[in-house]
Amino acid sequence: MSSIALYVHFPFCLSICPYCDFDRQATGFDRIDTYLASVETDMRQYARLGERVHSVFFGGGTPSLMRVDQ
């Protein structure tokens, strides 16, 4: 069975870098849980399609803003 790798863009940043063109925000950190729940829903759709995910990379803003339990 083949597998796929996922890139999950994390749009929350401690500060906005002037060179960054990605979707990002330096506010709304209280929405991180809601955002991650949506990401989880999307990832479950891959499972329903029979896709095997072998790795997930969180990039973009400041992924270290996530708590360990997230």
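Of the 70 residues in the chain you have open, 21% count as buried. This is a predicted model, and you may wish to colour the chain by confidence before selecting anything: the mean pLDDT is 86, and 99% of the residues reach 70 or more. Confidence is lowest in strand 2, residues 52-60, where the mean is 85, and highest in helix 1, residues 32-48, where it is 89.

**The whole chain**

Switch to a cartoon view, in which the secondary structure comes to one helix and two strands, following one another along the sequence in the pattern β-α-β. With the C-alpha trace shown, the chain spans about 40 × 25 × 20 Å along its principal axes. If you display contacts with a separation of 6 or more, residues 24 or more positions apart account for 66% of them.

**Helix 1**

Select residues 32-48, the stretch that makes up helix 1. At 1.5 Å a residue, its 17 residues should span 24 Å, and the C-alpha atoms at its ends are 25 Å apart, which agrees.

Which residues of helix 1 are buried? Show the side chains of I32, L36 and V39, which are buried in this helix; they cover an arc of only 55° around the axis, and are therefore on the same side of helix 1. An α-helix has 3.6 residues a turn, so residues three or four places apart point the same way. What covers the buried residues of helix 1 includes strand 1 and strand 2, which can be switched on together with the three side chains.

Now turn the view to the face of helix 1 that points away from its buried side, where the exposed residues T34 and R48 are carried. Also in helix 1 is Q45, which counts as partly exposed because its relative accessibility is 39%. Just after the helix, select G50, which takes a positive phi of about 85°.

**The aromatic residues**

Next, show the aromatic rings, among which the structure holds five pairs. One of these joins F10 and Y35 in an edge-to-face arrangement, with 6.3 Å from centre to centre and 75° between the planes. Because F10 lies in strand 1 (residues 3-10) and Y35 in helix 1, the pair ties together parts that are 25 residues apart in sequence.

How does the accessibility of the two partners read? F10 counts as buried, at 0% relative accessibility, whereas Y35 is partly exposed, with a relative accessible area of 24%. Add F12 and F29 to the selection, and you have one aromatic cluster, formed by F10, F12, F29 and Y35.

**H9 in strand 1**

Move to H9, which also lies in strand 1 and counts as buried at 18% relative accessibility. The side chain of H9 makes a polar contact with the side chain of Y7, at 3.3 Å. Leaving aside neighbours within four places in sequence, H9 is in contact with F22, D23, Y35, G59, G60 and G61, so that selecting these residues around H9 brings back Y35, the partner of F10 in the aromatic pair.

**T62 after strand 2**

Which residues does T62 touch, not counting those up to four places away in sequence? Select T62 in the segment after strand 2, and then its contacts, which are F10, F12, C13 and L14. A polar atom of the T62 side chain lies 3.3 Å from the backbone nitrogen of L14. T62 counts as buried, at 18% relative accessibility. To set T62 against the helix, draw a distance to Q45: the two C-alpha atoms, 17 residues apart along the chain, are separated by 26 Å.

**A26 in the loop**

Finish in the loop between strand 1 and helix 1, where A26 is found. A26 is partly exposed, with a relative accessible area of 31%. Its contacts, leaving aside neighbours within four places in sequence, are with C13, L14, S15 and I16, and of these C13 and L14 are also touched by T62. As a last distance, join the C-alpha atoms of A26 and F57, which are 31 residues apart along the chain and separated by 21 Å.

Note on methods
Residues are numbered from 1 along each chain as its sequence is written. This is a predicted model: local features need pLDDT of at least 70, side-chain atom pairs count only at pLDDT 80 or more; totals for chains, interfaces and linings use all residues. Side-chain values use heavy atoms; hydrogens and water are left out. pLDDT is the predictor's confidence in each residue, from 0 to 100. Helices (H or I, at least four residues) and strands (E, at least two) are DSSP runs, numbered from the N terminus. Rings of Phe, Tyr and Trp (its six-membered ring) pair if their centres lie within 6.5 Å; planes under 30 degrees apart count as stacked, over 60 as edge-to-face and the rest as tilted. Buried means under 20% relative accessible area, exposed over 50%, partly exposed in between (1.4 Å probe, protein chains only). A polar contact is a pair of N or O atoms within 3.5 Å; within protein, one must be able to donate a hydrogen and the other to accept it, and residues adjacent in sequence count only if both atoms are side-chain atoms. Contact means heavy atoms within 4.5 Å. The expected span of a helix is 1.5 Å times one less than its number of residues. The arc is that of the directions from the helix axis to the C-beta atoms.
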